[in-house]
There are 4 protein chains.
Amino acid sequence: MASNTFGTIFAVTTFGESHGPAIGCVIDGCPPGLAIDSEMIKAELIRRATGRSRHTSQRKEKDDVQILSGVFEGKSTGMPIALLIENTDARSKDYSRIKDQFRPGHADYTWHKKYGIRDYRGGGRASARETTLRVAAGAIAKAWLKQEYNIEIQGWLAQLGSIRTDTVKDFSVVEDNPFFAPDASVVPELETFMDALRKSGDSVGARVNVLARNVPVGWGEPVYGKLDAELAAAMMSINAAKGVEIGAGFEAVAQKGTQHRDAMKAGDNKVEFDSNHAGGILGGVSSGQDILVSTAFKPTSSLRLPVGGLNIAGEEVEIITTGRHDPCVGIRAVPIVEAMLALVLMDQCLRNKCIN
Amino acid sequence: MASNTFGTIFAVTTFGESHGPAIGCVIDGCPPGLAIDSEMIKAELIRRATGRSRHTSQRKEKDDVQILSGVFEGKSTGMPIALLIENTDARSKDYSRIKDQFRPGHADYTWHKKYGIRDYRGGGRASARETTLRVAAGAIAKAWLKQEYNIEIQGWLAQLGSIRTDTVKDFSVVEDNPFFAPDASVVPELETFMDALRKSGDSVGARVNVLARNVPVGWGEPVYGKLDAELAAAMMSINAAKGVEIGAGFEAVAQKGTQHRDAMKAGDNKVEFDSNHAGGILGGVSSGQDILVSTAFKPTSSLRLPVGGLNIAGEEVEIITTGRHDPCVGIRAVPIVEAMLALVLMDQCLRNKCIN
Amino acid sequence: MASNTFGTIFAVTTFGESHGPAIGCVIDGCPPGLAIDSEMIKAELIRRATGRSRHTSQRKEKDDVQILSGVFEGKSTGMPIALLIENTDARSKDYSRIKDQFRPGHADYTWHKKYGIRDYRGGGRASARETTLRVAAGAIAKAWLKQEYNIEIQGWLAQLGSIRTDTVKDFSVVEDNPFFAPDASVVPELETFMDALRKSGDSVGARVNVLARNVPVGWGEPVYGKLDAELAAAMMSINAAKGVEIGAGFEAVAQKGTQHRDAMKAGDNKVEFDSNHAGGILGGVSSGQDILVSTAFKPTSSLRLPVGGLNIAGEEVEIITTGRHDPCVGIRAVPIVEAMLALVLMDQCLRNKCIN
Amino acid sequence: MASNTFGTIFAVTTFGESHGPAIGCVIDGCPPGLAIDSEMIKAELIRRATGRSRHTSQRKEKDDVQILSGVFEGKSTGMPIALLIENTDARSKDYSRIKDQFRPGHADYTWHKKYGIRDYRGGGRASARETTLRVAAGAIAKAWLKQEYNIEIQGWLAQLGSIRTDTVKDFSVVEDNPFFAPDASVVPELETFMDALRKSGDSVGARVNVLARNVPVGWGEPVYGKLDAELAAAMMSINAAKGVEIGAGFEAVAQKGTQHRDAMKAGDNKVEFDSNHAGGILGGVSSGQDILVSTAFKPTSSLRLPVGGLNIAGEEVEIITTGRHDPCVGIRAVPIVEAMLALVLMDQCLRNKCIN
């Protein structure tokens, strides 16, 4: 089912394993004439990169991206754009132990049962390494959305474990701390918490929020291509995601209708709303308000603390995962959710052109 | 983009407006040989029907379903199955007021802006009437999943407003109360609450949970056709849905890795797990555990209590919605989430056959 | 694979068997605002209808089409348009003989082997009755293409058996003779030939040509969504089609490059070409010249003249097909190829909007 | 519309321009466990390569293929398989002349009008260089079809200009002459003809045939995913293709029904047929007979003989195309049509598994 392709008109096909020679993607359907270079992609990849602080994995991936096609004299031509990133920090090591083990909380068991074979090195295709390509393709979508509609996409860490990290929302500080937190005052608490967590060998979950400003009214396709439905799929397809909310999300469960519905007003030149519980989407179609999405990420299961698992023979084994893992995968998910939002918006925008 | 089609191999295309002559669907890709009759579909439609208690809308829809094609001598032939349901309770009334109004919290404004035209009668295509067809198609998927894999799908109301309705989970009582609550003891509280709510003219949100038992290991397609990603899209495409969780969902945010990861054990004949925070899905692929999905539904915005809205001319107007609306749309969503789960599972099952 | 859907943006899903209660289709992706009524569809259906002369099948199908959805106050709304046609001349007769027989040259054997079950009455879903819906959906596409781009689509019978029927191309007479021949002088010869053929109990093949005028430059999607590739699939998907040509087609085999390539000239306001061997398509994209497609239709295999066939048990049986069959199915294919051309053009037009 | 992807379950996405750094493809949906190495792909690429005789283009492309993903320890894993081929003979030369010219018979004009920009070097994405990737992906499909079903695919040159090259069909000699002709005795005539043609500076068309043996009954999806419809699209999507026939093809036009229909007989263990006018496909589904497809290729328009063309400014210019072009592009199309047949069969086979 071409299940490695995301999107319909703006369609991104990714390939590659964590420890293979390279990963890459093919972006089909990019409109011609967009200025594209590897630097704009690299700038986004750096935000997702490991090793930028002691709070994320210490792997060092160079993530030098090559543009192999679809760009001519600095501009997109409408032809498929292929991006390639070589895997440079795929340490050759002894995988004999992991080879025959199913780690709990991982794709090992299910993928092995499904395919009967797997590239177990570093998680192979199931590794979050794949999300590098989402960010790369997302960089192109972001650039186009910005150029054509002045759309701004902003992600941030909203919660880490039990610590709410966005009681203040000052987006100017998001890039200045290793947590993508929009509240500088919470950073010391996060650092203390993460240091202790790392020392304990455990991991923790996170909530990542994202918004898009300046999305025009009318994007989204009733009834099975709704903007919110596609955003839900986009976010839930990210490694470790367990929940997605649009606007008020699960808070809507306890709300009354009089409280939830966002009253409308005639603003200057545009419609205004008293609130945004809808998260910018009504009937699956963008309303002109900010698009608001919140995603829950589970704590990684790759821990040096032992857990009961199985081996291929079906025998119980104690699993200990060493290596350079993120104690909170949610942190580095911030540029990924931004990318997924950009990919969905761009695809929906192009689809919306068909009826006009 | 064929946005009125759900699924890829088992593909359901729905059509029809709330107040048009009929609604219907075409189910493409149903394997041949499945026993199908209108009674098995009707049995599911009744669960979703209005007017079964004073707590849901008082519209009376007969929902007599005709099978127009794809079934021969009581069995599916592999050809497209068309189902048709005439709209019998589409009261002809004066729509002159609603015609030019955009109701807050509804698709009126966004769809009008997108298409420049809309069938405003009863919400037209944006009406939850469309979900009747999901339930009808889902009845066929359920029957096939039961026959081929003994899969059982069970939905229930987990929360209504602030009332948690599933602290006990006794599924035998779900069909015996008008709320699909699995705890008979909570029913009086719900009745009291709903009676007061109805009197007040307000509405309330709900959380609806669903599980599937006996799903084999291996369903779901990495990395963009993941089972959880498609479930998220499926649930979020339902009218009024605002959030979706798989397994632990947003609770995973505050969990530690040692707490969240579900340790594995060698059971008799099958793999067992210490817990099911994953919700039965690892790496986007079913693990053999119960599939667990939770969906948040917002309170309906259609209230007789006035709210600020706009008309087509962009002028502010006070909106009052009369008519026969559900004070809690989440209640009747129970059979709908079951249907969407069945549709996703069946499609993924058929896709999984391709690689084996 | 949703194999009963044609098109991507403008997507037509058909359903129904020859002798079931009804046939119908759902047209998804029609832009809003197009004037649609059942009369414009009926006008095209009549061109394809049986029983208009002694040279086609004598079945009488009323083909009254109902519009069930997607049209409001006479205009398309952007929502799926469902069309329904009841089967009125499905004679209830004894099918006990055909039930267990595989007719040579028919889908009986292959579909039975594939599905293990089939609705054998009148060919069921394999019957050319399905093409009624292509013509119905094509009527809508034609209307839109005419309104938006002044595109004219004209099909004709180019050859019947060995008789070339378009040595003159006077399209004004196409509708005035029962053969869709653009040369009135050939009609007597055709009548004589067909009368003898019918008497003999045999059937004959035909070539049907179609052109589209005023197609703008730029429709078609490299490299697997080429306009010519999609036209080839469209025509070959029609019952009894065995070959498709674009422009010079198989004549290009014996041509030299200097002869085939269509030299370009600067015309008034538009590019002109010395010839049209390309058939209006270069590199899979329309060039502004007339789109030219030619399709070969085989003679029907349903004859009262006996032929060796098999029964379900695998035993050899003599097959004699009685009933009201067309001695030349190619004649009534003229409105069908027009419809398929319209469907492809409309879909490609909408897709082309995405990049502009 | 992801128009650079071919296939649905077994989906091949190609990228790359003739004179860019590399071309490549991503093959999604390959079942796990298939033995794959670069040598088996190389073996097919050599058959398509330029420079193997004086009768084809004298470019020297090394076509060293790298497997970047989806293959682990020599076997497919079910993950996307990325193939990469560097462009080594992309001579850096002065393209200033071709840059602003539209060559008749080429994609220059139509693609420029569609996209407003194009990589003109060597035809860019419109170059037949893209077909290298079809052959590469086809090599994998061929290997799987052979392993799973013992399917054999054989293409050959059937006609070159007016010379019929397959009056004898001795497939053992196809690889032994530079024309893929199955009749050794015609080779001298072909050589003489081609030498004269090359000297004259002109080009010529060709007909290429292909068959597949041992295809099981039941592949193909009614009614819009018919095997013949998809084969027609597949062949017509190849550069320079102008016509496609299945079985009797256009000869069916002049046939009588009694002549065309292939009578069935009860053979030993399998159904037999008196003839194969159907080309192995009935009702869009394979019948177990040989699949027979014939494709017409036009003569290349890239000639050193001048022709009237236009420049970007719309002015008439005389176009002379120098460079190393094939005087008959149809010759090297033989491995390409084989590959397209393999791709279609493999995709249809996997789709057929869904219903069983």
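**Notes on a predicted four-letter assembly: chains A to D**

1. Starting with chain A, the secondary structure adds up to nine helices and 19 strands. Its radius of gyration is 21 Å, close to the 21 Å that the globule rule gives for 356 residues, so chain A is as compact as a globular protein of that length. Keep in mind throughout that this is a predicted model.

2. A few more overall figures for chain A. Along the principal axes, its C-alpha atoms fill a box of roughly 65 × 50 × 35 Å. Of its 356 residues, 65% count as buried. If you take the contacts with a separation of 6 or more, 68% of them are between residues 24 or more positions apart.

3. Now the contact between chains A and B. Here 88 residues of chain B touch 88 residues of chain A. On the chain B side, helix α6 (residues 227-236) gives the largest share, with six residues. Sorted by class, that side of chain B has 38 nonpolar, 30 polar and 20 charged residues.

4. There is strand pairing across that A/B contact too. Strand β12 (residues 241-246) of chain A and strand β12 (residues 241-246) of chain B run antiparallel and are joined by three bridges. If you want a residue to click on, go to V244(A), which sits opposite V244(B) in β12(B).

5. Next, chains B and C. Chain C goes onto chain B by a rotation of 180° with 0.0 Å of shift along the axis, and the RMSD is 0.0 Å. The two copies are thus related as by a two-fold rotation axis. Both copies use the same surface: 100% of the contact residues of chain C recur in chain B.

6. As for what makes up the B/C contact, 37 residues come from chain C and 37 residues from chain B. On the chain C side, β2 (11-15) and β3 (22-28) each supply at least two residues. The largest share there belongs to β3(C), with four residues. By class, the side of chain C that touches chain B splits into 16 nonpolar, 15 polar and six charged residues.

7. For the fold itself I'd look at chain D, which has an open sheet of five strands in the order β1-β2-β3-β7-β4, with antiparallel pairing. At the edges stand β1 (5-6) and β4 (65-67) of chain D, each with a single partner strand, so one side of each has no neighbour in the sheet.

8. Walking through that sheet, β2 (residues 11-15) of chain D pairs with β3(D) in the antiparallel sense over five bridges, and T13(D) stands opposite V26(D) in β3(D). These two strands, β2(D) and β3(D), form a hairpin with six residues between them. Worth a glance in the turn is G16(D), with a positive phi of about 115°.

9. On to β3 (residues 22-28) of chain D, which is mostly covered: six of its seven residues are buried. Six bridges join β3(D) to β7(D), and the two run antiparallel. One facing pair is I23(D) and I85(D), the latter in β7(D).

10. Last, the β4 end of the sheet. Three bridges pair β4(D) with β7 (residues 81-86) of chain D, again in the antiparallel sense, and Q66(D) stands opposite L84(D) in β7(D). Helix α1 (residues 38-48) of chain D lies across β4 and β7 of chain D, running at about 150° to β4(D).

Notes: Residues are numbered from 1 along each chain as its sequence is written. This is a predicted model: local features need pLDDT of at least 70, side-chain atom pairs count only at pLDDT 80 or more; totals for chains, interfaces and linings use all residues. Two strands pair if DSSP finds at least two bridges between them. Two residues are in contact if their C-beta atoms, placed from the backbone, lie within 7 Å. Axes are lines fitted to C-alpha atoms, for helices over the stretch in contact, and angles run from 0 to 180 degrees between N-to-C directions. Copies are superposed by least squares on the C-alpha atoms of residues with pLDDT of at least 70 in both. The radius of gyration is taken over C-alpha atoms; the globule rule is 2.2 Å times the number of residues to the power 0.38. A residue is buried if 20 or more other C-beta atoms lie within 10 Å of its own, exposed if 12 or fewer, and partly exposed in between; C-beta atoms are placed from the backbone. Ala, Val, Leu, Ile, Met, Phe, Trp, Tyr, Cys and Pro count as nonpolar, Asp, Glu, Lys and Arg as charged, and the others, Gly among them, as polar.
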